[in-house]
Amino acid sequence: MTSKIIEAAVDGLHGVITIPGDKSVSHRSVMFAGLSDTPVRIVNFLRAQDCLSTVNCMRALGVNIADDGEELTICGKGLYGLNEPENIIDAGNSGTTLRLMLGILSGQKFLTTFTGDASLSKRPMQRVITPLTRMGASIVGRKINTLLPITVIPAKQRLTGITYEMPMASAQVKSAVLLAGLYAQGVTTVIEKYPSRDHTERMLKAFGVDITTQDGAISIRPADRLHAPAEIIVPGDISSAAYWLVAATVIPNSDIIIKNVGINKTRTGILDVLNNMGANIELCGCRTDGGEPVADLHVRSARLHGIDIAADIIPRLVDEIPIITVAAILADGRTTINGAQELRVKESDRIKAICREFGKLTNAVTEKEDGLIIEGNSAFKYAQCDSHDDHRIAMALAVAGASGKGVKISGADCVNISYPQFYTTLEHLK
């Protein structure tokens, strides 16, 4: 297990950086291009472990994917042209790969079996399997069809469209149902109480799919083929930018610019929270690339104050809770985070991991069943912490170390799941 020592950034953070491509858009670009029948170039694809799991999955299904190190070129097989894989497909650590592929493969005429790493093998899949089974899919797995390994068995007849009210806010579950709807008879509708990230809906529209959204209800009609754009430009991932947004805000004398960040409104909860806490973040050069809004973010250090974060915004920032914890610990006053129970079924139980590891750096964090209570006006001491093999915990700990007395992180290389250049970028900014 690799350890990493992070030293304090005593002179602040300075510079201009470009962050990796958006993880969610990278996953979907490969999947949807693989379901089309004309070549697609993907620019700024995120070459991290999770997204490469999706590449390997689509290759196993017969999709031709060329990678010249700069961009991907995908020659898809069409909606109904995927091949039965010769072996079990390993989804690695990627919940997005597994859950979205379950939706796609539910409508195929061949058998597919998935496995994954130790973390993914513990994550709940019944939340996806339940609605897909209602549509007529045949999916079996360990522990009464809830855990990996999971096998998708060819359905005896065509899937049927359903109306599904989401019991939780999950873009992965929503996407799986919508993708199965491409193969279903009739209309498939997903109803959300709180809006989750909408990359699937945006990209399916770009591929010519009949999909509509009205008052929290997303409806999709079956398709005969996908009409692919010639090129997809993946914006920078705001979840990766979040670490620099917080770091440059809480570390005194910092001034950085983050280029080409996706600012999709279903993902910008981190900007809303930091701005409400008093951050100094300016959006520059707002534009649209491939249907996704993009901007450069100029961040300067600022003094923050605590706020109450309610359940309705959690779907727009659920992955950013670990780094928001860093901001809240260093802010004036108390911050509460509510309605975030989804954190307990991520790569780790993130609520428990945050309390355990940040508890080694400060005594400011208290665990709740659905969130956290964070007492501000605190500081970070030096400690040795564990990543829990969770990339977002590792990166949040690194920012805490840079803004305090330093930190030693065991299992530090798990950042390769989403941001392989993270530690190099941190050193570049010091």
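Helices here are DSSP runs (H or I) of at least four residues, numbered from the N terminus. With that in hand, welcome to a few close-up views of this predicted model.

**View 1. Helix 9 and its surroundings.**
Helix 9 covers residues 269–277, and its buried residues are Gly269, Ile270, Leu271, Val273, Leu274 and Met277. What lies over these buried residues? The cover includes two helices, helix 8 (238–250) and helix 10, together with strand 16 (280–289), strand 17 (292–300), strand 18 (308–309) and strand 19. Just past the end of helix 9, look for Gly278, which adopts a positive phi of about 105 degrees.

**View 2. Helix 10 meets helix 11.**
Two packed helices are described by the angle between their axes and the distance between the axes. Here, helix 10 (residues 321–330) and helix 11 (residues 350–358) have axes that come within 10 Å and cross at roughly 40 degrees. Angles under 35 degrees would count as roughly parallel and those of 65 to 115 as roughly perpendicular, so helix 10 and helix 11 are oblique to each other. Their crossing is right-handed. On the helix 10 side, the contact is made by Ile321, Pro322, Thr325, Val326 and Ile329, while helix 11 brings in Arg350, Ile354 and Phe358. Sorted by kind, the residues of this contact are six nonpolar, one polar and one charged.

**View 3. Strand 21 and its two partners.**
Strands of a sheet pair through backbone hydrogen bonds, either parallel or antiparallel. In which sense does strand 19 (residues 334–337) pair with strand 21 (residues 371–375)? The pairing is antiparallel, over four bridges, and Thr336 can be found opposite Ile373 of strand 21. Strand 20 (residues 365–368) also pairs with strand 21 in the antiparallel sense, over four bridges. In that pairing, Glu367 sits opposite Leu372 of strand 21. Follow the chain from strand 20 to strand 21 and you trace a hairpin, with two residues between the strands.

**View 4. An open sheet of four strands.**
This open sheet has four strands in the order 4-5-3-14, and its pairing is mixed. Which strands form the edges? They are strand 4 (64–67) and strand 14 (231–233), each of which pairs on one side only. On average, and with direction ignored, neighbouring strands of this sheet are turned by 20 degrees against each other. At one edge, strand 4 pairs with strand 5 (residues 71–75) in the antiparallel sense over four bridges. To find your place in this pair, look for Asp67, which stands opposite Leu72 in strand 5.

Technical notes:
Residues numbered from 1 in each chain as written. Predicted model: local features only at pLDDT ≥ 70, side-chain atom pairs only at ≥ 80, totals over all residues. Heavy atoms only, no water. Axes fitted to C-alpha atoms, helices over the stretch in contact; angles between N-to-C directions. Parallel < 35°, antiparallel > 145°, perpendicular 65-115°, else oblique. Left-handed = near helix turned anticlockwise from the far one by under 90°. Contact = heavy atoms within 4.5 Å. Nonpolar A, V, L, I, M, F, W, Y, C, P; charged D, E, K, R; others polar. Pairing = 2+ DSSP bridges. Buried < 20%, exposed > 50% of the residue type's maximum accessible area, 1.4 Å probe, protein only.
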